[in-house]
Amino acid sequence: MEKKEPIKKNQEIAKKKNSISAEREKIFETRLTRHMDELKWLYMELYDSTEHFESLLNNLEQFYDQRKAELKVLDKKREQDPGWYRKNGMLGMMLYVDQFAGTLNGVREKLDYIKRCNVNYVHLMPLLDTVEGRSDGGYAVADFRKVQEKLGTMEDLEKLASECHKEGISLCLDFVMNHTSEDHEWAKRARAGEKEYQDRYFFFDNYSMPAMYEKTVPQVFPTTAPGNFTWLPERQEFVMTTFYPYQWDLNYRNPVVFNEMVYNFLYLANQGIDVLRIDAVPYIWKQIGTNCRNLPQVHTIVRMMRMIGEIVCPGIVLLGEVVMEPDKVAPYFGTVEKPECHMLYNVTTMATTWHTVATRDVRLLKRQMEIISGLPSDYTFLNYLRCHDDIGWGLDYPLLENWGSYQVPHKKYLNDYFTGKWEGSVSRGELYNEDFVTGDARFCATTASMCGVEKAGFEQNEEAMDAAIQTDVMLHAYMLFLSGIPMLYSGDEIGQVNDYTYKEDPNKAPDSRYIHRGKFNWELVENIDKPETVQGKLFARLGQLEEIRAEEKVFDASAGFRILETWDDGILGLVRESEEGKLLGLFNFSDEFRIAWINEEDGMYQDLVGGNVFKASAVGVDGHSFYWLKRKDG
Ligand code: GLC
């Protein structure tokens with residue numbers, strides 16, 4: 001009897017193993033079967049290559065096999081709760097690893113602070129291998145599978161991801177898919193003349209094709225990196241470089257590029273990343289005679305990535321970086337049956353918000369809110385006031401023209417306002433990529449500097465400082481109220497102002513976006529518990545709003561969202577409504593006391609911040625102040 005025991009045990013183990021692998025196959029097969037027809041159809045339409053398609057499928061299975069058990073558990077959980085990333089408690093923060101905590105391990109040590117900020121979704125700015133000085137803030141990736149040495153290792157990233165998961169925090173990473181750095185192995189081999197690698201980019205031995213492209217393709221960085229091609233003297237060839245000259249555009253007409261980039265995407269997903277920010281995605285397909293933006297093939301590729309994610313790692317969320325005019329953005333959600341991105345940046349709302357701060361006139365913002373509220377509630381926007389990039393003034397100019405504001409002078413007005421040239425402006429900041437031909441320019445600064453914290457601090461003007469904090473809090477209250485997921489910009493929670501030291505670094509000096517990418521100031525964090533300080537005031541007030549948001553289920557992204565007429569062009573009125581209740585938001589963008597001429601006759605309302613209960617009828621709102629009003633039950 002006793003001797004037979006080990007055999008029996010082995011048999012049991014073998015049986016268990018078999019059933020695990022059968023289960024594994026079943027899960028993978030089921031997910032694959034669900035998408036197979038469409039995936040194959042789209043792939044063949046684009047690449048017409050069975051060989052490459054099969055190789056893709058084999059690799060998908062391998063990435064699935066390599067996915068850690070704990071991630072598979074998470075996948076399953078999220079498949080059963082597909083709205084997991086749209087919950088009311090979701091609050092994001094984007095940060096630079098080096099500026100925030102030096103290294104990835106440093107970030108791990110600061111998780112307590114991140115939790116204290118009520119944040120449960122952290123976007124780590126680009127951290128993959130890149131060459132200093134030719135890096136575009138990390139958006140020129142030299143190796144998709146290696147972390148920048150100064151920040152740590154892939155193991156550190158995995159460790160951070162797993163620690164974050166224990167704390168209920170999700171991690172977001174950039175997936176820079178339009179280009180590689182010229183220091184990436186493919187680019188090096190292409191430069192050395194290997195045809196196979198040249199085919200992964202766009203090479204031209206004379207300027208005739210580039211000249212044809214240039215006729216219709218706009219410029220992303222007209223001042224800092226003019227043109228869309230770069231001459232390689234050692235090759236006597238041109239290479240396509242939509243962004244900086246050291247960022248070589250990948251050629252997605254080549255199935256090898258698509259397959260290999262999918263493997264890089266899955267590799268990162270398997271490190272435990274929850275949200276993949278697909279960077280500059282509208283640019284990935286090029287076609288002569290077009291503007292090379294948002295072409296239909298881009299949508300085919302994003303749709304394929306979505307399906308591939310759902311097959312291999314369904315716990316993953318795709319966040320599309322589509323910094324485009326409004327009618328180009330929403331199509332990246334795909335359709336309800338054939339979704340593409342899970343989440344998109346609410347870029348027009350962001351730009352329109354700052355327009356409203358400058359003009360103190362909410363009419364354009366109201367129009368934007370109307371558009372957003374007309375979209376299906378499955379569409380989830382990522383809302384933000386500031387991010388690591390500039391603010392491009394992408395507004396609805398045809399509408400503005402009806403009100404007498406024309407594009408060129410209006411952009412000039414906004415830039416003058418925010419650089420502080422305009423009488424009465426409290427903002428400070430700098431222009432970005434001023435195009436002397438078109439007269440166009442974008443703008444860079446931190447939220448606090450744009451709200452007046454920098455100016456008031458410099459002038460040691462307490463009254464002005466309180467007003468600046470008030471504006472800053474109102475804008476956050478409004479951002480937190482919007483439909484979707486709010487994203488804070490690290491440093492905003494303590495009112496960090498512009499950092500002008502980038503001018504001393506020759507690698508950064510020409511790019512004014514570094515003005516709002518400064519070192520996180522931990523000394524200021526020491527003030528967050530001191531109510532008399534700027535940080536104490538801001539941190540506590542934002543914290544209160546975040547906590548309310550996390551408690552009130554009506555902030556879930558699935559809630560109805562619409563505009564509320566206030567009959568005052570200074571006050572924006574919004575409503576959120578679901579079976580969890582009804583909430584009114586009143587945001588006074590003007591600097592004086594105004595009355596929101598609303599009249600909600602369905603009961604009493606409670607001010608969620610101040611606690612008072614009153615009728616939602618002709619509500620007076622102080623300058624740059626706001627209300628979150630919740631209808632009382634019964
Ligand atoms: C995205 C990034 C931006 C970068 C560009 C090129 O737009 O947000 O910072 O310069 O892509 O990769």
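## Close-up views of the predicted model

**View 1. Phe589 in the loop between strand 20 (581–588) and strand 21 (594–607).** In this predicted model, Phe589 has a relative accessible area of 1%, which lies under the 20% cut-off, and therefore counts as buried. Thr356 is 233 residues away from Phe589 along the chain, yet the C-alpha atoms of these two residues are separated by 7.0 Å.

**View 2. Leu295 in the loop between strand 11 (275–279) and helix 12 (296–312).** Leu295 is likewise a buried loop residue, with a relative accessible area of 11%. A second pair may be set beside that of the preceding view: Leu295 and Gln470 are separated by 175 residues in sequence, and their C-alpha atoms lie 43 Å apart in space.

**View 3. The ligand and the residues that surround it.** The shell around the ligand holds 13 residues, and the closest of them are Asp136, Asp279, Glu321, His388 and Asp389. By residue class, this shell divides into 7 charged, 3 polar and 3 nonpolar residues. The space that the ligand takes is the largest pocket.

**View 4. Polar side-chain atoms of Asp279, Arg277 and His179 beside oxygen atoms of the ligand.** For His179, a polar side-chain atom is found 3.1 Å from an oxygen atom of the ligand, while for Arg277 an N or O atom of the side chain is 3.0 Å from a ligand oxygen atom. Asp279, which is also listed among the closest residues of the shell, places a polar side-chain atom 2.9 Å from an oxygen atom of the ligand. The ligand taken alone would expose 310 Å², and the protein buries 95% of that area.

**View 5. Asp136, a loop residue with a positive phi.** Asp136 belongs to the loop between strand 3 (128–129) and strand 4 (143–147), and is one of the residues closest to the ligand. Its phi is about 45°, a positive value although the residue is not a glycine. Most residues other than glycine have a negative phi. With a relative accessibility of 9%, under the 20% cut-off, Asp136 therefore counts as buried.

**View 6. Asn118 in the loop between helix 6 (111–116) and strand 2 (121–124).** Asn118, again a residue other than glycine, has a positive phi near 65°. Is Asn118 buried, partly exposed or exposed? Its relative accessibility is 23%, which falls between the cut-offs of 20% and 50%, so Asn118 counts as partly exposed.

Methods. Residues are numbered from 1 along each chain as its sequence is written. This is a predicted model: local features need pLDDT of at least 70, side-chain atom pairs count only at pLDDT 80 or more; totals for chains, interfaces and linings use all residues. Side-chain values use heavy atoms; hydrogens and water are left out. A residue is near a molecule or strand if one of its heavy atoms lies within 4 Å of it. A polar contact is a pair of N or O atoms within 3.5 Å; within protein, one must be able to donate a hydrogen and the other to accept it, and residues adjacent in sequence count only if both atoms are side-chain atoms. Accessible areas come from the Shrake-Rupley method with a 1.4 Å probe; for residues, only the protein chains shown count as cover. On a 1 Å grid over the protein atoms alone, a cavity is a set of points where a 1.4 Å probe fits but cannot get out, and a pocket is an open set with protein on both sides within 12 Å along at least five of seven lines; lining residues have an atom within 4 Å of a point. A molecule sits in a cavity or pocket if more than half of its atoms lie within 2 Å of its grid points. Ala, Val, Leu, Ile, Met, Phe, Trp, Tyr, Cys and Pro count as nonpolar, Asp, Glu, Lys and Arg as charged, and the others, Gly among them, as polar. Helices (H or I, at least four residues) and strands (E, at least two) are DSSP runs, numbered from the N terminus. Buried means under 20% relative accessible area, exposed over 50%, partly exposed in between (1.4 Å probe, protein chains only).
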